[in-house]
Structures are given as C-alpha cells and as structure tokens.
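Colleague: I am new to this one. Could you walk me through it, one question at a time?

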Amino acid sequence: FVKVDKMASLYNIHVRTGCFCNTGACQMYLGISNEDIQRNLQAGHVCGDDIDLVDGRPTGSVRISFGYMSSFEDAQTFLKFIIATRLSKSNTAIPFQSSVSNLTTEPVPDDHPSFNNGDKLSPIPHISDRELGNNSFATKATVNWQPLEAEAESIRAAVSETPVPTCRRGGKPITVTNIYLYPIKSCSAFEVTEWPVGNQGLLYDRNWMVVNQNGVCMTQKQEPRLCLVNPSIDLKQKIMVIQAEGMHPISVSLEENTGKEAVICESKVCSHRVKTYDCGERIAGWFSMFLGRPCRLIRQSSDMKNKSHQKNTKGLASATNISLSFVNEAQYLLINVASILQLKEYISARLEEPLELEELIQRFRANIVISAPESFEEEEWAEISIGALRFQVVGPCSRCQIICIDQQSAERNKEFLQSLSAARGRKTNFGIYLMNQPLHSSFPDMLSVGSQVLPVLKENTEIQSPTSSEE
C-alpha cells in the first residue's frame, strides 16, 4: 500500500492507506492474528511507517474514498492512474506514460436503480480484460537484467559473523567515491572529500531545517526550489555560508545560540517532539524572499539531541538508543555506483534521452557513494566497515517523489519514480540506511573518499549476478 500511495501522489491523487486508525478492522479483514500483530511490532512495524509487508503478508490496505463533491472525472482520473502505472498481475516492464485511448463506452440504462431519468450520467468507460492484459504498452527498449525480487524483510537486518572477502569478482575492491552532507534538510548537497563523524552521523548533516509560519518542516515535496539553496560549511571560520542564484550570500554561525528556544513537533520529520532554536530574523528574511513565502530557519538544540529524536536500532551491539539529527530514518544513506549505472540504462531507454551519472547521484541524495563490482549487492549486506568505522545496515531506503526533482533546476519529472518502480518490480527501494555501530572507543572520527569498504553479508545469503531477461 505504501508503493501505491507514493505512485498516486505523482498524479495528485490522495488515498488513505494502512489500517485507517482501526486496528481491529484491519486484523479482521486482512486475517491478521494477535501473534501476527506481535511479530509485526517486533519487526519494527508501527503506524504510519513504510513497512507494508512482513513475511510476505500485508500489514494494511488502500482505500479510495468518494464523497459528495467527487465527480466522474475523479473516478476516471484514478482509472487512468491504474492503467498508466500498470498495477496489474503482469510482471512485464512497461512504460507509464500511455494514456487511456482504447476505452469502450456504453450508455447508462434509464432504469438504473441509482438515479432517475433526470440524473443520467455521461457514458461509463469500460476496459476489457483483453485490453488490460495485452502488450500494447510494451517497452521500446530491451533491458538485459532482471530486477531483484527479495522477500520483504525486517526493518533491522541481522548481523552475520562471517566477513565477505575484500576482493570479489574480478579482484575489485569496494571504495568510497563520494561523500555528501546536507546541512539544511532538503537543501542542496555539500560535497567533501574528508569529513568528521559525529554522534549523529556526518558532522552538521541535517542540523538545520526550514519551517513555514506554523513551524512545520518544509521539504522539496512542498517546495522544490529548496534544492537551489546551496549551504556549505567552513570548519575553520566556524560558519555555514548559504547561497542561491539572485541572492547575496548569507552566513550562519556554527556556534549554538539557544537564546530563542521553541519546541516544534513535526511528525513528518521524525515522529518526535524536537527541541530547536530559531536562527533569527535576518536569515528568516533571506529564505522568505527566495522562496516567496514566510518561513524561518531553525536548528536542533544539542542539549536535547539524546532525548528528543532517537532510534532504537535492533541488532546493534549496544542496546542504547542512537541519536539522530533531522534525518527521517537513519544517520547515513549509502548508494552504489553500479546500481546507479544499471538504473541509468533503464531510465535512459524509457526517456529516450541520455542521462548524466552525476544527475542521478544527486537525485538520490546519499551521504556515502561507493563503487562495488555488482549492482544492488549492497542490499545483501548486514554490516560494513569503512576504515576503522563500523556501520550497521538497518534496512533499504524506500524512495519518494523527491527523486523526481532535478536537483539543478528544481523541475519535476514523475518518470523517475515510475521507472524505479518498474525496474525494481514495483518496489521503490534504492540504497541502504546505515547507523554507526559503537563497538570501540578508539574509532577515528573522519570519513574519507578512497577508503576501503568491507561488507558483511546477511546470514545465508550470497551475492548473485543479475539474471538476463528479455523484459
């Protein structure tokens, strides 16, 4: 249901998903036992998260609601969405921009029980099973790989004790190729070659965020032009410099000033109450002028970091909660260049135009980019070491419509999320979340480009080469 919700949002369609605040009805209609509920909770599933399958069984459903103000066009829009995204039983990869063109119609009988002669509606479209099942929407390009179809897994991965050898197929080691931090949530990336690691991830990563006049976090979903705001950190001068086209650069001190504290609750950021402080009128005016709406810049207050926004990470050696900044799920997000190249081929064929590798990397907004021999092999890892730093893999990243936004122009193109869904068997997973695994106190506090990556496989898994497919 999460995937349906994400795809529907691309078409400006709102659906209700999950258990609709009615766990008992959810249990009854989905056949979920009390034991299943307990097992789902142990797997990390809570209300409002992205875990829509546990052990291959659904944890919720999708509801499409029509009311007094709904129109026939609303129903037809949803029907077109279903056809366009091809949510059928077919596993063939197909483009998503086909329009509804082969509709047959039949008039509504005058004696239809739902309305009288004065309430006749326009013809009702019908789509035959043959039309839904044919290959009129088949792909124009052949893709020589088969998307991975892994079973739905727990949000927390178990740690295997057997390390993977450094050099695998072809003798190629895995290395870090890029490091990015995002000082202001949803704004542009700041690329570095070496950077300190703090107790919340990369130092100053997502320590600030822009909020509207009601104190609600603004992201690229609501305001795509946030990606045009370029923050950079100067550790020597202890300032963050913020730039945007047509605006004079402005700086913010890295030193905390908690004189103006405010408690802001933003469930869509972290589902927790986060204590922050306001960065002042000067920076608020800068953002308001650039975005054309009243907004402010706030920063997380350090004295509440260990109390306000935490994740209890199952599988870590330490049972203590791990503190997070303004990230949604985990301290780090990692992507693999080989996986990007595989997806680049697929999307380029669908768009019928070449894509730059750097553009795709920017769209996926990772902290750590690595170069591994095999595409999507990172999804089989339970733990990795980078230098002397150890990280726990806490699950896949389920993508939203932000990957549809060009990070250089702020223009939207829904084809990117649609292509990812089609390429990955209707899933929108890309990249993995990482948490620091605090096993030793002598870790170096720097993460560097060029560092070697040593993964540990999940138990009883092997990295397989992508299978060839005519699809």
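Modeller: Gladly; what follows is a set of questions and answers about a predicted model.

Colleague: Let's begin with charged pairs. How many salt bridges does the structure hold?

Modeller: Side chains of opposite charge can pair when their charged atoms come close. One such pair is R363 with E359, and another is E255 with K238. Counted over the structure, the number of salt bridges is 13.

Colleague: Which residue forms a salt bridge with R293, and how many residues apart are the two?

Modeller: The side chain of R293 meets that of E223, with N to O at 3.3 Å. R293 sits in the loop between helix 7 (281-291) and strand 17 (295-300), while E223 belongs to the loop between strand 11 (208-212) and strand 12 (230-234). The pair therefore links distant parts of the chain: the partner is E223, and the separation is 70 residues.

Colleague: Is E223 buried or exposed?

Modeller: The cut-off for buried is under 20% relative accessible area. R293 has 33% and is partly exposed. E223 has 8% relative accessibility, so this residue counts as buried.

Colleague: What about E255 and K238: how many residues apart in sequence are the parts they tie together?

Modeller: The closest N and O atoms of E255 and K238 are 3.6 Å apart. E255 lies in the loop between strand 14 (250-253) and strand 15 (261-265), and K238 in the loop between strand 12 and strand 13 (239-243). Both residues are partly exposed, E255 at 46% and K238 at 45%. Their loops make this a tie between parts whose distance in sequence is 17 residues.

Colleague: In which helix do R363 and E359 lie?

Modeller: These two side chains form a salt bridge with N to O at 3.0 Å. R363 is buried, at 3% relative accessibility. The two residues are four apart, about one turn of the helix, and that helix is helix 10 (residues 357-363).

Colleague: Which residues touch the most other members of the largest nonpolar core?

Modeller: In soluble globular proteins, nonpolar side chains tend to be buried together. Here the largest nonpolar core has 48 residues, and helix 7 gives the largest share, five residues. Domain 2 (207-300) and domain 3 (327-457) each supply at least three residues to this core. The members with the most contacts to other members are I242, F287 and L297.

Colleague: And how many residues are in the other core?

Modeller: Another core lies apart from the largest one. Among its residues are L343, L355, C397 and F430. Its size is 41 residues.

Colleague: Which strands stand at the edges of the open sheet of three strands?

Modeller: The strand order is 10-9-25, with antiparallel pairing. Three bridges join strand 9 (residues 194-198) to strand 25. An edge strand has a single partner, so one side of it is left without a neighbour in the sheet. That description fits strand 10 (201-202) and strand 25.

Colleague: Last one: what separates the C-alpha atoms of G450 and N178?

Modeller: G450 is in the loop between strand 25 (446-448) and strand 26 (452-457), and is partly exposed at 48% relative accessible area. G450 touches T175 and V176, leaving aside residues up to four places away in sequence. Along the chain, G450 and N178 are 272 residues apart, yet their C-alpha atoms are separated by 8.4 Å.

Methods
Residues numbered from 1 in each chain as written. Predicted model: local features only at pLDDT ≥ 70, side-chain atom pairs only at ≥ 80, totals over all residues. Heavy atoms only, no water. Salt bridge = Lys/Arg side-chain N within 4 Å of Asp/Glu carboxyl O. Buried < 20%, exposed > 50% of the residue type's maximum accessible area, 1.4 Å probe, protein only. Core = buried A, V, L, I, M, F, W, Y, C linked by side-chain atoms within 4.5 Å. Domains from an automatic or database assignment. Contact = heavy atoms within 4.5 Å. Pairing = 2+ DSSP bridges.
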